[in-house]
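Biologist: Could you walk me through how to read a model like this one? I would like the general idea each time, and then the case at hand.

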Amino acid sequence: MASIKLATWNINSVRLRADLVGQFLTAYSPDVLCLQETKVPDALFPGEVFTGLGYVHQAINGQKGYHGVAILSRLPFRKTAALSFCGKDDTRHVSAVLEAGLQLHNFYVPAGGDTPDRSVNPKFGQKLDFIGRMTRWAEKLDRPTLIVGDFNVAPLDCDVYDHKALLKVVSHTPVEIETLGLFKDAHGWVDLGREFIPAPDRNYTWWSYRAFWRDKDQGRRLDHMWASPDLAGHAKGHRCVEETRRWEQPSDHVPVVTEFTF
DNA sequence: ATGGCTGGTAGAACCAGA
């Protein structure tokens, strides 16, 4: 029986934290790692660090300063692609088809700015539109598909430390949760994080750099792995690697890992 | 309950994250 271990991690600058990525790859040995917020143009991507660890297959889509995504893999790709949604080429997607036929899509959904009102904050509108565009994109999928990444939405009450307070905070507002829910239901995506760690258990993937929030465990579940219905049953193990949040000069997000058997 | 850190681009204070 074949087994594939896939991981996703918002790294918040892959150049600054290339060694941390290497530490994670060595310690947890995923076959594939999807990164978000690489913050580096493709020509400057530190690929050799990961090639040296056996991750010789790399699909990257980055730009200067902001956003940026990458897929590092020990398994060969049949094909790779990068999508631009909403008329903006802002490096929020990269995908790869693995030899097993698994379609892997890595997303960095817009954060959405400060004010949850698209009439005064265009970034919030862009976020909702991006998720709407994902919904239409998913209509065409007809293969076993895994979507991973930083969705920048904590959908369930128990995905934040204080549901009532955060209803007004971008990442947990009702309209974001509704929009993400429409996307989820349209394809029947299975939220693997909650398959393996059911509500209402604590299951955070992000903690602010601000010490007060971190020390009080005021986290949110923003990073996700969603499987299409035909793939979800193959998921056999799942975890968040909270340890990395305590590493020196860490990302504010932690890796999420799922193992599949076929 | 809170944005009071952090990174990148600059080459000093911004913007952005969420």
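Modeller: Gladly; we will go from the overall fold to single residues and then to the DNA. This is a predicted model, where local features need pLDDT of at least 70 and side-chain atom pairs count only at pLDDT 80 or more, while totals for chains, interfaces and linings use all residues. Residues are numbered from 1 along each chain as its sequence is written, chains are lettered from A and ligands numbered from 1 in the order in which they are written, and side-chain values use heavy atoms, with hydrogens and water left out.

Biologist: How many helices and strands does chain A have?

Modeller: Helices (H or I, at least four residues) and strands (E, at least two) are DSSP runs, numbered from the N terminus. Chain A has eight helices and 14 strands. Its radius of gyration is 17 Å, close to the 18 Å from the globule rule for 262 residues, so chain A is as compact as a globular protein of that length. That radius is taken over C-alpha atoms, and the rule is 2.2 Å times the number of residues to the power 0.38.

Biologist: What share of the residues in chain A is buried?

Modeller: Buried means under 20% relative accessible area, with exposed over 50% and partly exposed in between (1.4 Å probe, protein chains only). In chain A, 56% of the 262 residues are buried. Helix α1 (residues 18-28) is a good place to look: its buried residues include Leu-20, Val-21, Phe-24 and Leu-25.

Biologist: What do the buried residues of α1 pack against?

Modeller: Read packing through contacts, meaning heavy atoms within 4.5 Å. The partners of α1 include β1 (3-10), β2 (32-36) and β14 (256-261). Val-32 is in strand β2, and it counts as buried because its relative accessibility is 0%. Among the residues that Val-32 touches, leaving out those up to four places away in sequence, are Leu-6, Ile-71 and Leu-98. The C-alpha atoms of Val-32 and Leu-72 are separated by 5.6 Å, although the two are 40 residues apart along the chain.

Biologist: Is Glu-176 buried or exposed?

Modeller: Glu-176, in helix α5 (residues 174-187), counts as buried because its relative accessibility is 0%. Its side chain makes a polar contact with that of Thr-173 at 2.5 Å. A polar contact is a pair of N or O atoms within 3.5 Å; within protein, one must be able to donate a hydrogen and the other to accept it, and residues adjacent in sequence count only if both atoms are side-chain atoms.

Biologist: Which backbone angles deserve a second look?

Modeller: Most residues other than glycine have a negative phi, and most peptide bonds are trans. Here, Asn-152 has a positive phi of about 60° and lies in the loop between β8 (145-150) and α4 (163-166). Gln-249 has a positive phi of about 45°, in the loop between β13 and β14. A cis peptide bond joins Ala-199 and Pro-200, with omega about 5°.

Biologist: How many residues surround DNA strand B?

Modeller: A residue is near a strand if one of its heavy atoms lies within 4 Å of it. For DNA strand B there are 32, and Ser-13, Tyr-108, Asp-162, Phe-212 and Trp-213 are the closest. Sugar and phosphate make up 71% of the strand's atoms that come within 4 Å of the protein.

Biologist: Which part of the DNA does the side chain of Tyr-108 approach?

Modeller: An N or O atom of that side chain is 2.8 Å from a phosphate oxygen of DNA strand B. For Asp-114, a side-chain N or O atom is 3.1 Å from a base nitrogen.
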